[in-house]
Amino acid sequence: MPARKKPAADADAPVSTGRRKKKTPAPDAVTTDAPVTPRKRPTRAASPATGAAAYDLVIVESPAKAKTINKYLGSGFRVLASYGHVRDLPKRRRKGEAVAGIDIDSGWVPTYVVEDRAEEKDGRASRRRTPKDILAELKKEANKAGRVFLATDPDREGEAIAWHIEDALGLDDATTFRVAFNEITRGAVLNAMAHPGKIDMDRVRAQEARRILDRVVGYPLSNLLSRKVTRALSAGRVQSVALRLVVDREREIEAFKTEEYWKITALLAPEGKVPFTFQPFSVVEAKKKPGENGAPPKEEKAEKAAPAPEIPAGSFLAELAEWAGKKFESASADAARSIAGALDTATYLVTKVEQKDRSEKAPPPFTTSTLQQQASLRLHYTASRTMQVAQRLYEGVDLGSEGSVALITYMRTDSTRVSNDALQAVRGHIGSVYGPPYLPAQPNLFASGKSAQEAHEAIRPTDVTMTPQRAAALGLSGDLWKLYKLIYDRFVASQMTPAIFAITNVEVTATPATGAAEAGATGLFKAQGKVLKFDGYRRVLTAAGKQEDATLPAVAEKQKLDRLDLTASQHFTQPPPRYNEASLVKALEKEGIGRPSTYASIIGKITSDKRGYVEVKERRFFATEIGKVVTDLLVQHFPKVMDLQFTSHFEEELDEIETGKCQYAQVLDEFWGPFKEALDKAEAEMPSKRGQETGEMCPKCGRPLVVNYSKKTRREFVGCSGFKEGCKYIKPGEGEDALPEPELTDIACPTCGKPMLKKAGRFGTFLACSDDDCKTKMNFDAAGKPVLASKPTGHVCEKCGKPMVIREGKRGPFLACTGYPKCKNAKDVDAQGNPLKPIDTGVACEKCGSPMAVRKGPRGPFLGCTAYPKCRSTKPVPEDLKEKLKDLLPPATKKAMPEVAISETCPECGGPMKLRTARFGKGYFLGCAAYPKCKGTRPAPPELLEQLQAPAAS
């Protein structure tokens, strides 16, 4: 099993996690093939006997969860957070390692290191404490505690984090326990603490096997792609397969051949019931012809669909299903026109009426996958956003007088199971609130997927009496309230009776007049009416999307009908839709790719701008040129890794490792042999996409032109091979105009006085100094006047050592580090461009104790912590300090808000609204007065905008 490392002699020193020795199995014992032999831990001299210490220590992953749990446990416990992982595999490969951090030859022995982020990022302060700092604090408190409870998340990753904490701190096995909370309520927390256990090493092995295989696949493939295609590309066991799904769909769309087809629709009514004037049949062509490769033209996306014509009361639409005894199919306007002409004066008779009730069962409560899908469809949330909000709901949010309350159960689950207590509670709620018709005789039971792990329940509210309305009254708002309402409604609806629809199917036979068509040719029209007869679960959970019930007038068999209208309409077949977040998550789950907890990170990786594999437009995923190239190379040279069945099979083997049915090393050995052969072969045979000569010469310097891939534009380009030597020529693409040559102007450089050059860039024209050693640049404002963009200075950033420049911002000039965005150091400057000396306020930060400094804001000065960005604490300038420093404080950079009366209320919480300015001062909008608790907004009414513009005009 994974090794216990020797505790560090000094808690402040980095924890050493040296190599682990291979385990020697006992005679006649089943080999668990874990890499190392556990050691018996010495009891800490500093730790008193159980129960004799002042408190017990509980270690969780997040500070929000710590706050909620501490409320339930009381003063006998201290709850601290590990902030997630405390150790990981190293990023750099050591001598003799085929893959960084993993000794494959010794039996898949991983080496773990404690990360110190502050040292890894040019010496800049980390935004939060490093794992080294966190482990030092945990070690200090563990030495004082009687017992240590590891309460990390109740999944494989949480189990692995618990083991890493125990191992890194050198905790005593006798006084260290594992507890897991599926929900963070008083009863669940106290019950878990009363029944502690030990770390499940099979789960740790399963997580470690996943981590090792991801590293073994990801690092070599990423390095290979970076050498063969373009720098800083990445690949992975799961992300590359997910990318393949998107690319394959893109190729389906590109290969799709659009076909024309026609529909014939009749507007009918019982004879003599609806007055009408006979009109000959009409032919309606599609407004937009299909675009290239069957895709709709771009302009069609922005165009709103035309409203459907109103159907007169007592009438209904029916579509031609059969003509002359055969299924109606028409691919040409002439054929459709001919049949419509025959039906124009036909006799219409009802030949069949079928009525039946159809029940629609309640959907199951949410799993991680279905929550992400529905949040995407109903709330337009990304998977990442959904999981972040759900994490906060699980860990606990402040609800006024209730304090910190955890509102939902654990949100990483693929099970639809619900505990008996929760079932009884929700059934009682349904019976009392909605009445007996909405309560089924027996609880609704749902089957989970074949690979579901039943260790957790479905995602549900922890307390069914905490309705969304009650939570809103206590202060829950914004994303938290919206997602909680979705989870709450889905759970309650899952235990309600089915919705019942009354379905009416009508068949109408149209007999053309004598001589109007071939002998015996008749048309069969069909129509369906659907009416909600009993709402059932839909009383709580409305259907997603636009749902309209089509009603039919009362008709009987052999009843004659009037033909009010007849239309032949043109249509075109459509290619399969591109994936969005909801459909891609559904596809990943269906194919068994990844686990519910990984879907958000998978999508985040393939859509990341750093990789450029997928572009997101109008919430749809478009595979880029570089994404296609990477996928094609991987499919060609690593077909097993890119095979959906292989990825799904490995997930099943991880499950078997967790249950002890499959051996750890056997799974990895089975993969590594063929993969290493394919990797060596690809190194030699994979064609390089970098620097391929085109046979053309650079028109500027005469060097050969080469083909490369740009991650910024996400496509192939042809540029000069002398780029590193200073030639930046890029050949215009097909249909593109060449960038104009730099033009010498009579504008003098504000830094050195030399003429400025007018250049064309990605964001338009700009000015740059003609002296290569002077880095001054200027932009053009809305009036066409040059304004300073950046001006070199002699100041050096004290955080990273890079030069600082003067930039023009929304609040005036400021001093900024040229290391942006890695280093975001910025300072206010005086009229001469020198950094302003900080005003001594004498105020200390309430969070970290660092001095507070005066900062310049759009609405005036405020106090901000000098430890920013590590600490982001702010507060208003106290009145006494404001009076004392009135001559030194910077003025507000934003105009005072106009005083106007606002009658509109917030669409989310119903509270009053305030006038606010849009970003960059472009107009106004209405925002909730309770911001940031409630983030409801409304557009400013036209009459209000007129009122605001009147003073400006005068």
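Which elements make a right-handed β-α-β unit with helix H1 (residues 63-73)? That puzzle opens a set of exercises on this predicted model. Have the structure open as you go.

**Exercise 1. Place strand E1 in its surroundings.**

Task: Find the elements that go with H1 in the β-α-β unit, then work out how strand E1 (residues 56-60) is enclosed.

Solution.
- Step 1. The unit consists of E1, H1 and E2, and it is right-handed.
- Step 2. Look at how the two strands of the unit meet. E1 and strand E2 (residues 77-81) run parallel and are joined by 5 bridges. Within this pairing, Asp-56 faces Phe-77 of E2.
- Step 3. Now look for another partner. Strand E5 (residues 148-150) also pairs with E1 in the parallel sense, over 3 bridges. Here Leu-57 has Val-148 of E5 as its bridge partner.
- Step 4. Follow the side chains. Asp-56, Val-58 and Val-60 point one way from E1, while Leu-57 and Ile-59 point the other way, and all are buried.
- Step 5. Draw the conclusion. Because 5 of the 5 residues of E1 are buried, the strand is largely enclosed by the rest of the structure.

**Exercise 2. Find the buried face of two helices.**

Task: For helix H9 (residues 333-343), decide where the buried residues lie around the axis and what covers them; then repeat this for helix H16 (residues 599-606).

Solution.
- Step 1. List the buried residues of H9: Ala-336, Ile-339, Ala-340, Ala-342 and Leu-343.
- Step 2. Look down the axis. These residues fall within an arc of 155°, so they line one face of H9.
- Step 3. Check the other side of H9, where Asp-334 and Ser-338 are exposed.
- Step 4. Identify the cover. Strands contribute to it, including E7 (260-270), E9 (316-323), E11 (347-360), E14 (499-511), E15 (523-534) and E16 (560-572).
- Step 5. Turn to H16. Its buried residues are Tyr-599, Ala-600, Ile-602, Ile-603 and Ile-606. They cover an arc of only 165° around the axis, which puts them on the same side of H16.
- Step 6. Name the cover of H16. It includes the helices H7 (239-255), H10 (368-379), H11 (383-395) and H15 (581-591), along with the strands E17 (614-617) and E18 (620-623).

**Exercise 3. Describe two aromatic pairs.**

Task: Classify the ring pair of Tyr-484 and Tyr-488 and that of Phe-638 and Phe-675, and say where each pair sits in the chain.

Solution.
- Step 1. Start with what you need: a pair of aromatic rings is described by the distance of the centres and the angle of the planes.
- Step 2. Count the pairs. The total is 13 aromatic pairs. One of them joins Tyr-484 and Tyr-488, with 6.0 Å centre to centre and 50° between the planes, a tilted arrangement.
- Step 3. Locate this pair. Tyr-484 and Tyr-488 are 4 residues apart in helix H14 (residues 478-494), and are therefore separated by about one helical turn.
- Step 4. Test for burial, using the cut-off of under 20% relative accessible area. Tyr-484, at 0% relative accessibility, counts as buried, and so does Tyr-488 at 4%.
- Step 5. Move to the second pair. Phe-638 and Phe-675 are also tilted, with 5.7 Å centre to centre and 40° between the planes.
- Step 6. Locate the second pair. It links distant parts of the chain, 37 residues apart: Phe-638 lies in the loop between helix H17 (625-637) and helix H18 (644-658), and Phe-675 in helix H19 (residues 664-685).
- Step 7. Apply the burial test again. Phe-638 has 2% relative accessibility and counts as buried; Phe-675, at 3%, is buried as well.
- Step 8. Widen the view. Ring pairs link Phe-638 and Phe-675 into a cluster with Trp-108, Phe-646, Phe-671 and Trp-672.

**Exercise 4. Follow the chain from H19 to Trp-108.**

Task: Say how exposed Asp-669 is, and how far its C-alpha atom lies from that of Trp-108.

Solution.
- Step 1. Asp-669 is found in helix H19.
- Step 2. Its relative accessibility is 45%, so Asp-669 counts as partly exposed.
- Step 3. Asp-669 and Trp-108 are 561 residues apart along the chain, and their C-alpha atoms are separated by 8.7 Å.

**Exercise 5. Order a sheet.**

Task: Work out the order and edges of the sheet that contains strand E35 (residues 924-928).

Solution.
- Step 1. The sheet is open, has 3 strands in the order E34-E35-E36, and pairs antiparallel.
- Step 2. E34 (913-917) and E36 (937-939) are the edge strands, each pairing on one side only.
- Step 3. From one strand to the next, the twist averages 35°.
- Step 4. E35 and E36 are joined by 3 bridges, and Phe-925 has Pro-939 of E36 as its bridge partner.

Key:
Residues are numbered from 1 along each chain as its sequence is written. This is a predicted model: local features need pLDDT of at least 70, side-chain atom pairs count only at pLDDT 80 or more; totals for chains, interfaces and linings use all residues. Side-chain values use heavy atoms; hydrogens and water are left out. Buried means under 20% relative accessible area, exposed over 50%, partly exposed in between (1.4 Å probe, protein chains only). Two strands pair if DSSP finds at least two bridges between them. A crossover is right-handed if, with the strands pointing away from the viewer, the path from the first strand over the helix to the second runs clockwise. Axes are lines fitted to C-alpha atoms, for helices over the stretch in contact, and angles run from 0 to 180 degrees between N-to-C directions. The arc is that of the directions from the helix axis to the C-beta atoms. Contact means heavy atoms within 4.5 Å. Rings of Phe, Tyr and Trp (its six-membered ring) pair if their centres lie within 6.5 Å; planes under 30 degrees apart count as stacked, over 60 as edge-to-face and the rest as tilted.
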